[in-house]
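Me: Please take a close look at a single part of this structure and explain how that part is connected with its surroundings. I should like one continuous account, with each term explained where it is needed.

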Amino acid sequence: MATLTCSSLKNSAFVLILVYALTFSFSLVSARPATFLQDFKIAWSDSHIKQLDGGRGIQLILDQNSGCGFASRSKYLFGRVSMKIKLVPGDSAGTVTAFYMNSDTDNVRDELDFEFLGNRTGQPYTVQTNVYVHGKGDKEQRVNLWFDPSADFHTYTIFWNHHQAVFSVDGIPIRVYKNNEAKGIPFPKFQPMGVYSTLWEADDWATRGGLEKINWSKSPFYAYYKDFDIEGCAMPGPANCASNPSNWWEGPSYQQLSPVQARQYRWVRMNHMIYDYCTDKSRNPVPPPECRAGI
């Protein structure tokens, strides 16, 4: 019969702890979404959405019969949502690829929008962002992307906490909407929002204000998605999740842009912004309150 020494007991305990740690770590990793259908569902026109690479990626299709769209299975209150997207290549005028969050509450909805506006071959892709708070939108900003977003995948992120909502492209902020409730300006913080994406025709406004129409001879049009990542408070869920200051996205370093991010943001606004509702005097002779407060 073997005799258990103190050393062997320690070694056995170490092995058990290591096995437990590896098992726990694996369970955390495997619990994260690995495929499209774990976190999302097809919202409309399932014949126009194809799963790729075992469900780790998808293809959206737009033709003369239909566009398509998908939605998250849950809604979220604060956190970060990102996905890698390769946009419609070539002559994409009149097409819109949208990635957004929406509370789906009709006339009091909150919404955070990315809308990628197609263009004629060789022209820059424009990304339009918009923010709805308590049903009030009309806060469009437009940026010409500084790369070809149809040549490869790029990461698009919506970050949202009690202090700000930040739209980023490959980690570079292109839009910040700050919480200025102290100045009487509404901020989306009460309604959980779902995550949505669509590919559709909007040639009445999308490209040069509707002057450039969609060329159906170039259809079908394709957009590709992968690396879906959602970190946030799923609703319904623990009642105290959204108000928990220990959530990583509520940490001090996420309450405002870092100095590096602030420089990147200024670079985008100075070199690539082509429209800002705050400075559109034909629409807003007096800048809206959130513009005067600093966004």
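Reply: Two strands pair if DSSP finds at least two bridges between them; strands (E, at least two residues) and helices (H or I, at least four) are DSSP runs numbered from the N terminus. The model is predicted, so local features need pLDDT of at least 70 and side-chain atom pairs 80 or more, while totals for chains, interfaces and linings use all residues. Residues are numbered from 1 along each chain, and side-chain values use heavy atoms, without hydrogens or water.

The part chosen is strand 10, which spans residues 164-169. Six of its six residues are buried (under 20% relative accessible area with a 1.4 Å probe, protein chains only; exposed is over 50%, partly exposed in between). Which residues share a direction along strand 10? Gln 164, Val 166 and Ser 168 point one way, whereas Ala 165, Phe 167 and Val 169 point the other way. Both sets are buried.

Strand 10 has two partners to consider. With strand 9 (residues 154-160), strand 10 pairs in the antiparallel sense over five bridges. Within this pairing, Ala 165 of strand 10 has Trp 160 standing opposite. The two strands are joined by a hairpin, and three residues make the connection. The other partner is strand 11 (residues 172-178), which also runs antiparallel to strand 10 and is joined to strand 10 by six bridges. Here Val 166 stands opposite Val 176 of strand 11. Strands 10 and 11 form a hairpin as well, with two residues between them. In that turn, Asp 170 has a positive phi of about 50°.

To follow the surroundings further, one may turn to the aromatic rings. The structure holds 24 aromatic pairs (centres of Phe, Tyr or six-membered Trp rings within 6.5 Å; stacked if the planes are under 30 degrees apart, edge-to-face if over 60, tilted otherwise). One pair serves as an example: the ring centres of Phe 36 and Phe 228 are 5.7 Å apart and their planes are at 55°, so this pair is tilted. Because Phe 36 belongs to helix 2 (residues 36-39) and Phe 228 to strand 13 (residues 221-235), the pair ties together parts 192 residues apart in sequence. Another pair leads back to strand 9: the rings of Phe 116 and Tyr 156 have centres 4.7 Å apart and planes at 65°, so they are edge-to-face. Tyr 156 lies in strand 9 and Phe 116 in strand 6, so parts 40 residues apart in sequence are tied together. Phe 116 and Tyr 156 are both buried.

Strand 6 (111-117) in turn leads to a loop, which runs between strand 6 and strand 7 (126-132) and contains Asn 119. How does an unreviewed UniProt entry annotate Asn 119? The entry marks Asn 119 with the annotation "glycosylation site"; such annotations may be inferred rather than shown by experiment, and their positions are given in the numbering used here, with feature names shortened. Asn 119 counts as buried because its relative accessibility is 14%. Apart from neighbours within four places in sequence, Asn 119 is in contact (heavy atoms within 4.5 Å) with Gly 90, Asp 91, Ser 92, Ala 93, Pro 124 and Thr 207.
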